[in-house]
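Me: Could you take a close look at one part of this protein for me, the small open sheet, and then place it in the wider fold? I'd enjoy a connected walk-through rather than a list.

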Amino acid sequence: MALSTKIPRNNAAGSNKHDILESPAIYDARSKVVVVAGKRIPIGGPIPKLKEGEKFVAYTTSICPYCSRLLPAVIYEKEGKIYMRKTCPTHGTIDELYFSDARIYRKFMKYEEEGVGVTPHVKLTAPCPYNCGLCPRHKNHTALANLVVTNRCDLSCWYCFFYAEKMGYVYEPTLEQIRHMIRQYKKEGVSMAVQITGGEPTLREDLVDIVKLLKEEGVTHIQLNTHGITFARLWFEKGLDAAVKYTRELREAGVNTVYMSFDGVTPRANPKNHWEVPYTLEVFRKAGMTSVVLVPTVIRTINDQELGAIVKFAAKHIDVVRGVNFQPVSLTGRMKKEARRRYRVTIADVLKWVEEQTDGQIPADAWFPIPVAAKFAYFIEALSGELKVCMGNHPACGSATYVFVERGGDGLPKRFVPITEFFDVEGFIEYMEQKTGELRKDAESSFSKFRRALRIASIVKDLPKFVDREKLPKNLNITKLLTNVFLKRSYEALGELHYKMLFLGNMHFMDQYNYDVERVMRCNIHYLSPDGRVIPFCTYNVLNDIYRDHILKKFRIPIEEYVKKYGKDKVGPDVKYVRNIKLLKSNPIYYEAYRGIVPDEILFGKKKN
């Protein structure tokens, strides 16, 4: 199966104008006001000035966290950190930490990419971010589409805003609406990857049918975003066979990856699903669901001391866990500066904490920003004539690395070997950029096919030059794996790399304090809406009263109506999960899952006999 089809180039003007939806916003240039979702939002403000000891980095555009006014902003360096400053005429000057390490920030910015543009879905009538989506000014096609299938949840976490009882209504699109959303996404002409999310998606009894629908519509990669409790709950309520059967049905219908919330290894850091995860992973093993990504929301003072333990837990369960994707917390609501300082986490913090908590085995310098993937895409495009899914995100949006795991006879990780220890990643990136230029030049020649064949043969021959054979882990043929990825360009080839190493990622979604419109314009993680729009993550969730809540409310079902149609056990108190901690801790599976990662005193209150 091909990784992608050809992405239309230079399509920002919109080649299918008859398909373009009306803009959600109206901009009055005279009054400098945007009207969107029933709100009047002023545009513009003074350009912030630098103070003594501050070094200019860049200008951008941001918003006031109190009135959403669109404002000019300056990004600057001070005392080894990167900050953002903006001044609202009404609410004054707001300074916010943007990136906690200036050296890492500069390294990441070296890999900046613009993206390839989009097939727009809406007309352009207002400034970003009030014209989503996607508008002709957006710079990146959808790489992952979030499909919200319900806002119902069987948990009521104190920090969560997104469940039916708190919102006051149910949002649950029909199969017809879901098909419409996918067909809107399909107009972008790219390989479609969809994350089914919520609420808690496993509360939908037709979830298997939804997965099948996505496959019918040509979606090539399907992720299920879940707390994972449903699979453990099924085990205890209906038996292991029932849990395995349900999981297999999802897998066979087309679920490729389970994207599972996992905020820490201890009950304190992870009260959401600490007790259930051991059983969930066991169900996945027996059902052949062997591609799980653990997703911790990183909050300073809450779970920042457990990042290394999370990586070790993933490595212990590497037979089913393919990676960890850390997500520094997005600070929602109004929060004073001191409170923001207490909880704020940036990408650089995560990198440093992982380094410290793995005894330096996974150094901060082993990570690279997301747009490096765009350079790989351009390289493969030059090789094949087709542009792969292009991850041209802003460098401050995220980073990633791969590590090889050496495990002992007890199954516990003994050592982590990052890819940078045995492969010259920086040198290979430079090499790729050079070869991309040469291949593009060859394509213009009348002897292009012959020259291309010679060039590809030369590239395959050069790959071993970037490998340090003395440091290369045993049983890891990195040259063969990369050759397969470049030449076969298939999910199978990429999957082989994932199954040989542990993926570590880090995505920092914004909030209104650190909002950078430049990042929004390059976003490629988007939400699908029943009205046909495709909306960037950090407008959908950060400007929630304009996008997420406004859209969901438009397509809502009153709770009373939902109860009347489906029963009172489907929403409200009767749907909520009440765990039996004593029962969950009584099975050896619980202890074995955390053995060697969490001290016995924490798991049992005493040493296990």
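Reply: Happy to. In this predicted model, the sheet you ask about is open and has three strands in the order E1-E2-E3, with antiparallel pairing. The edges are taken by strand E1 (25-28) and strand E3 (39-42); each has a single partner strand, so one side of each is left without a neighbour in the sheet. On average, neighbouring strands here are turned by 20° against each other, direction ignored.

Let's follow the pairing of E2 with E3. Strand E2 covers residues 33-36 and is joined to E3 by four bridges, the two running antiparallel. As a general point, strands of a sheet pair through backbone hydrogen bonds, either parallel or antiparallel. Two of the facing positions can be named: Val36 stands opposite Lys39 in E3, and Val33 stands opposite Pro42 in E3. The hairpin of E2 and E3 has two residues between the strands, and in it Ala37 takes a positive phi near 50°.

Now for the wider setting. The protein has 23 helices and 22 strands. Its radius of gyration is 24 Å, close to the 25 Å that the globule rule gives for 609 residues, so the protein is as compact as a globular protein of that length. Taken along the principal axes, the C-alpha atoms fill a box of roughly 70 × 65 × 55 Å. Of the 609 residues, 59% count as buried. Among contacts between residues at least 6 apart in sequence, 72% join residues at least 24 apart.

Some helical regions are worth a stop too. Helix H5 (residues 229-238) packs with helix H6 (residues 240-253) at an angle of about 145°, and their axes are 6 Å apart. On the H5 side the contact includes Phe231, Leu234 and Trp235, and on the H6 side Tyr246 and Leu250 are among the residues met. Sorted by character, the residues of this contact of H5 with H6 are eight nonpolar, two polar and one charged.

Helix H10 is mostly covered, with eight of its eleven residues buried. Those buried in H10 include Ile347, Leu351, Trp353 and Gln357. Gln357 deserves a closer look: its place is in H10, residues 347-357. Its relative accessibility is 15%, and because buried means under 20%, Gln357 counts as buried. The side chain of Gln357 reaches the backbone nitrogen of Gly308 at 2.8 Å. Not counting residues up to four places away in sequence, Gln357 also touches residues including Asp304, Glu306, Leu307 and Lys312. Just after H10, Asp359 takes a positive phi of about 55°.

A last stop is Asn544, in the loop between helix H18 (537-540) and helix H19 (548-554). At 22% relative accessibility, Asn544 counts as partly exposed. Leaving aside neighbours within four places in sequence, Asn544 is in contact with Thr539, Asp549 and His550. The C-alpha atoms of Asn544 and Thr202 are separated by 24 Å, and these two residues are 342 apart along the chain.

Key:
Residues numbered from 1 in each chain as written. Predicted model: local features only at pLDDT ≥ 70, side-chain atom pairs only at ≥ 80, totals over all residues. Heavy atoms only, no water. Axes fitted to C-alpha atoms, helices over the stretch in contact; angles between N-to-C directions. Contact = heavy atoms within 4.5 Å. Nonpolar A, V, L, I, M, F, W, Y, C, P; charged D, E, K, R; others polar. Buried < 20%, exposed > 50% of the residue type's maximum accessible area, 1.4 Å probe, protein only. Polar contact = N/O pair within 3.5 Å; in protein donor to acceptor, adjacent residues only side chain to side chain. Pairing = 2+ DSSP bridges. Rg over C-alpha atoms; globule rule 2.2 N^0.38 Å.
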